[in-house]
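These notebook entries record what I looked up in the structure, entry by entry.

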Number of protein chains: 2
Amino acid sequence: MTDSIAQQQMLYVRDEMSDAEIAEQADLYGPLTDSVRELIELALLTEVDGPEVRAAQEHLESAKQILRTRVNPGPYGVRWGASGQKRAWGNAAAGLRNAIAPPLVFNFDADGRAWTDFHLGSAYEGPAGLTHGGIAALVLDQALGSAAEAGGAPGMTGTLNLRYLRPTPLGALHAEARIDRVEGIKTIVTGQLSGPDGVCVEAEGIFILPRWARGGDSAKVSDPV
Amino acid sequence: MTDSIAQQQMLYVRDEMSDAEIAEQADLYGPLTDSVRELIELALLTEVDGPEVRAAQEHLESAKQILRTRVNPGPYGVRWGASGQKRAWGNAAAGLRNAIAPPLVFNFDADGRAWTDFHLGSAYEGPAGLTHGGIAALVLDQALGSAAEAGGAPGMTGTLNLRYLRPTPLGALHAEARIDRVEGIKTIVTGQLSGPDGVCVEAEGIFILPRWARGGDSAKVSDPV
């Protein structure tokens, strides 16, 4: 095992936080992150002139100075609390504390379907006025991975094949995924991303259980191998 | 043609800005966006307590109030200046004014290769300590699309097939792509995303020229069809 793999495994942590402490942290840092989400859109779309931009930037500098006084060197990693509640709060698609993430919040049906309704604003643009093809891929990778994990077969993406059937608008969207079949360490998952006019992108992915996670349960991923 | 397609085409605009005006805008809004990029990471990793978080948020609110006084309703769209210089500044992977974007800046070789060296921080995490599989897809979709466009065959993503060979670390990365072949309106492009230990993700994509853009040059995309 190389040092970098050892380092990466250290970021799967059971930190024994209680559910109440986790809720308190979500209430504190969630709104801060939402505030930064609005700033992403304003920095993209504002048309104010130099003096106003500089005045706004002074406020941003002041905010950064405060936030920087005590800071985790990063990355955030994946953490589990005392009750087993998982926090992937740094996740680029679903992280509560990651302003890049819309964030996606998944629902799970008894029959193994993972689905999410969400909204993409101007910051997810690719072709003019449309969702970026790579953002569609980000959403679907997360949806397929969540379905695999919910089905008891968590894994890293092995392959991801995407078919773009029609342009994906910005705005209100829906994504869903389900496990098609499990073949040993491989879980084959399919899904779709849909807009108001129907399915925009279809995806099929193979998710593979990492070697170090085989034969253990989720609590064991923080153990050195 | 539906209204939504008409609306979307309105976002491809020749606005006749001079190169000097474009440089001035980049100098004004680029650093603002960089500032928001740092905030994304700080909102994710800060460990300061309630009073500090609230003090920081007050500064963010003040900044937003200033930026909001004159704002484009969005999305940003794709704009061309008087000299033909293109600004896809809202692009989620490469947009100068989009804090979600690293942003990717591409170089082009005479032999048709598009390549970029870039850095992904903690905000692009998926598996603990690693680049999100969907962010790898976002980077590769942009790289393949850029190679197609540079080769004179711009298009929307039709299919994108990704093979994940090894985990993609965070940090310094390299992506490149080139046109494999052109078949009528389809351009087949291949590419890779690499880290310090070699190729992490391979991609093949088919990019398709939209119907309304066929038989025209890039200046014509702002014309109603």
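**Entry 1. Chain A as a whole.** I began with the contacts within chain A between residues at least 6 apart in sequence, and found that 62% of them join residues at least 24 apart. The model is a predicted one, and I read every value below as computed from it. I then looked up burial and noted that 51% of the 225 residues in chain A are buried. For secondary structure, I recorded 4 helices and 9 strands in chain A. Along the sequence, the elements of chain A follow the pattern α-β-α-α-β-β-β-β-α-β-β-β-β.

**Entry 2. The three-stranded sheet of chain A.** I looked up the order β1-β2-β3 in chain A, an open sheet of 3 strands with mixed pairing. β1 (12-14) and β3 (86-87) of chain A are its edges; each has a single partner strand, so one side of each has no neighbour in the sheet. Between β2 (residues 78-80) of chain A and β3(A) I found 2 bridges, and these strands run antiparallel. As one example, I noted that Arg79(A) has Arg87(A) in β3(A) as its bridge partner.

**Entry 3. The sheet shared by both chains.** Which strands make up the open sheet of 12 strands, and in what order? I read the order as β4(A)-β5(A)-β7(A)-β8(A)-β9(A)-β6(A)-β6(B)-β9(B)-β8(B)-β7(B)-β5(B)-β4(B), with antiparallel pairing. I therefore noted that this sheet takes strands from chain A and from chain B, with β6(A) next to β6(B) in the order, and recalled the general basis of such pairing: strands of a sheet pair through backbone hydrogen bonds, either parallel or antiparallel. The edge strands are β4 (107-108) of chain A and β4 (107-108) of chain B, each of which pairs on one side only.

**Entry 4. Strand pairs in the shared sheet.** In chain A, I looked up β7 (residues 171-183) and β8 (residues 186-195), which pair in the antiparallel sense over 9 bridges. Within this chain, Arg178(A) has Thr190(A) in β8(A) as its bridge partner.

I then turned to chain B, where 9 bridges join β7 (residues 171-183) to β8(B), again in an antiparallel run. Ala175(B) is bridged to Leu193(B) in β8(B). The connection of β7(B) and β8(B) is a hairpin with 2 residues between the strands, and Gly184(B) in the turn has a positive phi of about 65 degrees.

On to the next strand: β8(B) and β9 (residues 198-208) of chain B pair in the antiparallel sense over 10 bridges. Thr187(B) has Phe207(B) in β9(B) as its bridge partner. A hairpin through 2 residues joins β8(B) to β9(B).

Is β8(B) mostly buried or exposed? I found that 7 of the 10 residues of β8 (residues 186-195) of chain B are buried, so this strand is largely enclosed by the rest of the structure.

**Entry 5. Glu202(A).** I placed Glu202(A) in strand β9 (residues 198-208) of chain A. Its relative accessibility is 31%, so Glu202(A) counts as partly exposed. I also checked the separation of Glu202(A) and Arg163(A): 39 residues apart in sequence, 5.1 Å apart in space, C-alpha to C-alpha. Leaving aside residues up to four places away in sequence, Glu202(A) touches Asn161(A), Leu162(A), Arg163(A), Leu165(A), Gly191(A) and Gln192(A).

**Entry 6. Symmetry of the two copies.** How is chain B laid on chain A? I noted a turn of 180 degrees and a shift of 0.0 Å along the axis, with an RMSD of 0.0 Å. The two copies are thus related as by a two-fold rotation axis. Of the residues of chain B, Asn161(B) comes closest to the rotation axis, at 2.2 Å (C-alpha). The same surface serves both copies, since 100% of the contact residues of chain B recur in chain A.

**Entry 7. The interface.** The contact takes 84 residues from chain B and 84 residues from chain A. I recorded about 7700 Å² buried between the two chains, 64% of it on carbon and sulfur atoms.

For polar pairs, I looked up 6 salt bridges across the interface. One of them joins Arg68(A) and Glu38(B), with the closest N and O atoms 3.6 Å apart. Between chain B and chain A, 45 residue pairs are in polar contact.

On the side of chain B that touches chain A, α2 (19-45), α3 (50-67), α4 (133-150) and β6 (156-164) of chain B each supply at least two residues. The largest share of that side, 15 residues, comes from α3(B).

Key:
Residues numbered from 1 in each chain as written. Chains lettered and ligands numbered in written order. Predicted model: local features only at pLDDT ≥ 70, side-chain atom pairs only at ≥ 80, totals over all residues. Heavy atoms only, no water. Least-squares fit on C-alpha atoms with pLDDT ≥ 70 in both. Contact = heavy atoms within 4.5 Å. Buried < 20%, exposed > 50% of the residue type's maximum accessible area, 1.4 Å probe, protein only. Pairing = 2+ DSSP bridges. Buried area = accessible area lost by both parts, 1.4 Å probe. Salt bridge = Lys/Arg side-chain N within 4 Å of Asp/Glu carboxyl O. Polar contact = N/O pair within 3.5 Å; in protein donor to acceptor, adjacent residues only side chain to side chain.
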